Structures are given as C-alpha cells and as structure tokens.
Amino acid sequence: MAVIGGGPAGAAAAIRAARRGARVIVFEKGAHGRDKVCGDGLTPRAVAALDELAIPLDGAHLIDGLRMIAGKRRRELPWSAGGRFPDHGAVWPRRRLDAALIDAAVAAGAAVRFGAEAQAVIDDAGRVTGVRSGNATIAADLVVIAAGAQGAVARQLGAVRDPHEPYGIAIRAYVESPRHADRHIEACLTVKDQHGTWVPGYGWMFPCGDGTVNIGVGALSTMRGFKQLNLNSLLESYRALVPDWQIGPNLERPRAWRLPMSAVKRHGPGWVAIGDAAGLVNPMNGEGIDYGLESGMLVADLFEADPASAPIEYDRQIGERFDGFLRTGRRFAFLIGHPRLMRTGLRFAVGTDRIANITLQVMGNLVDSSTPGAAGRTVRLADRVLAAADPVLRKTRAKA
Ligand SMILES: Cc1cc2nc3c(=O)[nH]c(=O)nc-3n(C[C@H](O)[C@H](O)[C@H](O)COP(=O)(O)OP(=O)(O)OC[C@H]3O[C@@H](n4cnc5c(N)ncnc54)[C@H](O)[C@@H]3O)c2cc1C
C-alpha cells in the first residue's frame with residue numbers, strides 16, 4: 001500500500017495496515033514534525049479513534065467539556081459520559097500530534113519518506129498503479145490519497161471538491177494566556193465581520209496546556225460577502241471578544257487554510273481518498289481529524305480483507321457511515337448562511353440546557369442519525385426538514 005500524505009488520515013492508514021503485516025510506504029512532502037494549520041481540538045470521538053490506534057494522549061491537554069457563547073449567553077457543558085465515546089476530549093498542537101502519529105507508523109514498520117512530494121501513476125486504462133516521487137516510481141496494489149484539502153493529486157484523479165457544495169476557511173494563531181490550562185474549550189457562535197455581517201461559523205479558544213492557547217475563527221462559504229471576507233480582520237475582531245482570556249500578542253503569524261466538505265469522487269480503480277482529501281469535514285463544526293483517523297483505519301481493514309475490492313467497498317462503507325450526516329451538515333451550512341435564520345437559530349441553539357446539550361453533541365461529533373435518544377431524534381428531524389428546505393435555501397443563497 002502506498003500513501004500520499006502523512007497527516008492524521010495517512011498516518012492512521014499506515015499504522016493500521018503496517019501492524020497487520022502489510023508493506024506500507026508513506027510519502028509526505030513536509031519535514032518530520034511539520035505543522036498543519038488547525039484548531040488542534042480533539043473531540044471525544046477523535047480520542048476514541050486514537051485509543052483504537054493505541055496512541056497514548058501523553059502529549060495532549062485533556063478537555064472536560066465545551067463552553068458555548070452566543071452574545072451574552074454562555075453555557076458550559078461537560079462532554080457526556082456513558083455513551084459510545086470517552087468523557088473527555090483534548091487539545092494537541094498538530095506539530096506534536098502528527099509527529100506522534102507518524103512515529104507510530106514507523107514503529108509499526110511503515111517506510112516514511114519525508115520531503116517527498118508525490119503524485120499518482122495512472123495507466124492507459126485509467127487505473128492507478130503506484131506513486132511517483134522525484135525519480136522514483138513505486139508500484140502499489142492500492143494508493144491511498146491522504147493529501148489533505150484537495151490540490152494537485154486530487155486534480156490528477158478528478159477527485160476535487162464539488163463546486164455546488166459549501167466549504168469552509170479558517171485562521172488560527174497561538175497566544176499566551178494565564179488560562180492556557182483551562183479544561184474547557186470555548187466556541188463563540190456570534191462573530192461578525194468588519195461590515196457587521198454575521199459569520200456562519202465560530203471563533204474558538206482552545207487551551208493547549210503548555211502556556212499557549214490556539215485562537216481562531218472559521219467561516220462557511222455560504223456567507224454573504226464570503227469572497228471579500230478578510231480573515232485577519234476577523235481574527236482581530238474576535239480577539240476583542242475574549243478579554244477574559246488576557247491573551248498576549250500572536251506568537252507567530254496567523255495562518256489560514258481551507259476546510260473541504262465534499263468530494264466529487266473518493267475512489268477509483270487502484271485508489272481511494274481519505275480524510276480531507278475525501279471532503280470528510282463536519283460542516284457543523286469544521287472538525288475533520290476524527291473522520292481522517294476513522295477513514296484511514298477503515299481503508300487499512302478493507303485492504304487487508306481484499307486489496308482488489310477495497311476501493312468500492314470503502315466508498316460504500318464511508319457512504320453508509322458518514323454521507324447522510326455530512327449532507328445534513330452541508331444543508332445546515334446553507335441555512336445559517338441566511339443571517340436572519342442564523343440569529344434565530346443561535347438563540348434557540350443555546351436557549352435551554354436541554355437544547356444546548358444537543359448542540360454540544362453536534363459540536364462534539366458525538367451524534368449522527370443512528371444515535372439513540374433526543375440528540376439522534378433531533379438530527380433525524382433536522383435531516384427531514386433541511387432536505388425539504390434545501391432547494392429554497394440554495395436558491396435564496398446570499399451573494400458570496
Ligand atoms: C484553521 C483550521 C482549524 C481546524 N481545526 C480543527 C480542529 O480543531 N479539530 C479538527 O478535528 N479538525 C480541525 N480542522 C480540520 C483538520 O485540520 C483536518 O480535517 C485534518 O488535518 C485532516 O487530516 P488529513 O490527514 O486528511 O489532512 P492533512 O492534515 O492536511 O494532511 C495532509 C498531508 O499531506 C501532505 N501532502 C499534500 N500533498 C502531498 C503530495 N502531493 N505529496 C506528499 N505529501 C503531500 C501535506 O504536507 C500534509 O502533511 C481545522 C482546519 C483548519 C483549516
């Protein structure tokens with residue numbers, strides 16, 4: 001198996017496949033310990049995936065719950081215990097998380113080439129037969145595209161983002177704060193841009209436990225004036241909303257990146273795409289590490305069972321597991337792109353403890369349409385209502 005990209009998704013595939021005895025090679029264009037622009041937040045679902053990979057959380061700062069802020073309303077809720085997932089999340093700066101993951105892949109026996117940009121080798125019949133990097137060509141039974149937000153490799157395979165679907169962009173910086181060891185992450189749902197337009201997205205304070213806090217803000221492409229959105233100004237306005245964190249200046253230049261939320265294709269003969277490369281980011285909270293880890297493990301399992309059928313089987317199982325929920329999330333993105341609907345929705349989302357708890361479960365990637373109980377029922381209902389409203393919401397979409 002050859003893997004292009006050594007982020008969480010590629011590393012998870014490599015760890016699992018190498019531990020099961022497969023010959024695995026990973027090509028990562030960055031150096032060992034490269035950074036990835038991210039909020040560094042791990043939901044309980046992501047922690048469960050790391051547990052499954054037997055990656056100890058030694059380097060991470062553990063988190064007990066989420067504080068949601070909408071205007072003057074604040075609600076602090078613990079990650080719920082007793083469900084499918086652990087009762088804690090974590091914040092783990094990506095330089096360290098990704099290094100721990102790729103080191104585990106090496107320890108499992110995978111060969112990892114750093115500083116090695118790669119592309120797929122495609123034969124005349126359109127089948128991916130291996131990987132080319134520099135002068136080297138490596139043949140592989142399966143090529144796993146784990147190259148993050150769709151770029152050159154995705155274009156090569158026609159596995160780009162669906163232009164009709166929403167996507168996100170977000171910016172983050174690190175700052176010092178006396179509250180760096182807080183045990184709650186914070187999400188502010190009422191952020192406005194420099195023109196006073198409500199931003200469908202949120203600002204976050206994710207304490208890293210090492211003297212610093214990851215501060216950032218993200219927005220969905222369904223927003224009015226999205227193309228003119230200045231993320232640096234947005235981050236500056238958000239800083240003004242968090243005086244209680246007593247933050248210092250940015251420790252490094254703020255950096256922004258894309259959050260893909262769809263892919264027109266995620267498999268083909270001889271290849272599959274996983275993680276961000278497959279558009280597996282939750283439109284309701286912008287989180288993708290857990291889906292990256294889960295899709296990586298899934299493809300390794302299917303490769304072990306039968307490399308030939310792995311691409312088709314992968315597409316089917318990812319569809320069953322995630323497509324419905326992510327489709328609801330994308331419809332939700334169109335909904336909150338309408339400022340008036342967003343304002344009403346926000347008041348509702350944190351209005352009572354009961355509803356805030358459901359919002360929390362959605363924000364924590366803890367729920368999907370198969371989840372039992374009130375949260376699962378709400379998602380199923382939202383599924384139906386949003387499906388009915390979807391054509392209107394898309395047609396009345398604000399000008400980007
Ligand atoms: C600002 C921001 C904040 C976010 N916050 C969170 C958060 O708090 N929690 C969360 O769960 N998610 C968050 N996300 C999303 C999360 O970062 C991604 O979902 C996650 O990184 C996906 O992992 P991945 O392995 O698929 O891709 P990546 O982490 O992007 O890894 C892809 C790797 O492929 C390498 N690569 C690319 N092209 C090639 C090539 N041709 N050859 C070789 N190597 C290549 C890259 O160097 C990179 O190392 C955030 C995203 C952004 C932009």
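**Strands, sheets and the ligand shell**

Strand 15 and strand 16 are joined by 7 bridges and run antiparallel to each other. The model described here is a predicted one. The two strands make a hairpin with 4 residues between them, and within the turn Gly209 has a positive phi of about 75°. One pair along this ladder is Trp204, which stands opposite Gly216 in strand 16.

Strand 16 also pairs with strand 13, which spans residues 168–176. This pairing is antiparallel too, with 9 bridges. Here Ile169 stands opposite Ala219 of strand 16. Strands of a sheet pair through backbone hydrogen bonds, in either a parallel or an antiparallel arrangement.

How many of the residues of strand 16 are buried? The count is 9 of the 9 in residues 212–220, so strand 16 is largely enclosed by the rest of the structure. In a regular strand, side chains alternate between the two faces of the sheet. For strand 16, both faces are covered. Thr212, Asn214, Gly216, Gly218 and Leu220 are buried on one side, and Val213, Ile215, Val217 and Ala219 are buried on the other.

The chain then enters the loop between strand 16 and helix 5 (231–240), where Ser221 lies. Is Ser221 buried or exposed? Its relative accessible area is 3%; because buried means under 20%, Ser221 counts as buried. Apart from neighbours within four places in sequence, Ser221 is in contact with Pro166, Tyr167, Phe226, Arg397 and Ala400.

Two open sheets can be traced elsewhere. One has 6 strands in the order 8-2-1-12-19-18, with mixed pairing. Strand 8 (111–114) and strand 18 (267–268) are at its edges; each has a single partner strand, so one side of each lacks a neighbour in the sheet. Inside that order, strand 1 (residues 2–4) and strand 12 (residues 143–145) run parallel and are joined by 3 bridges. Val3 has Val144 of strand 12 as its bridge partner.

The other open sheet has 3 strands, in the order 3-7-4, and its pairing is antiparallel. Its edge strands are strand 3 (41–42) and strand 4 (61–63), each of which pairs on one side only. Strand 4 is linked to strand 7 (residues 89–91) by 3 bridges in the antiparallel sense, and the bridge partner of Ile63 in strand 7 is Gly89.

The ligand brings several of these elements together. Which elements each supply at least two residues of the shell around the ligand? They are helix 1 (8–19), strand 2 (25–28), strand 15 (201–207) and strand 17 (255–259). Strand 17 gives the largest share, 3 residues. In total 37 residues surround the ligand, and the closest are Glu28, Arg34, Gly39, Arg94 and Asp276. By class, the shell has 18 nonpolar, 9 polar and 10 charged residues.

Polar contacts to ligand oxygen atoms involve both side chains and backbone. An N or O atom in the side chain of Arg34 is 2.6 Å from an oxygen atom of the ligand. For Lys36, a polar side-chain atom is 3.1 Å from an oxygen atom of the ligand. Ile289 takes part through its backbone, with a polar atom there 3.0 Å from a ligand oxygen atom. The ligand on its own has 1000 Å² of accessible area, of which the protein covers 94%.

Terms used
Residues numbered from 1 in each chain as written. Predicted model: local features only at pLDDT ≥ 70, side-chain atom pairs only at ≥ 80, totals over all residues. Heavy atoms only, no water. Near = heavy atom within 4 Å. Polar contact = N/O pair within 3.5 Å; in protein donor to acceptor, adjacent residues only side chain to side chain. Areas by Shrake-Rupley, 256 points an atom, 1.4 Å probe, with all protein chains shown as cover. Nonpolar A, V, L, I, M, F, W, Y, C, P; charged D, E, K, R; others polar. Buried < 20%, exposed > 50% of the residue type's maximum accessible area, 1.4 Å probe, protein only. Pairing = 2+ DSSP bridges. Contact = heavy atoms within 4.5 Å.
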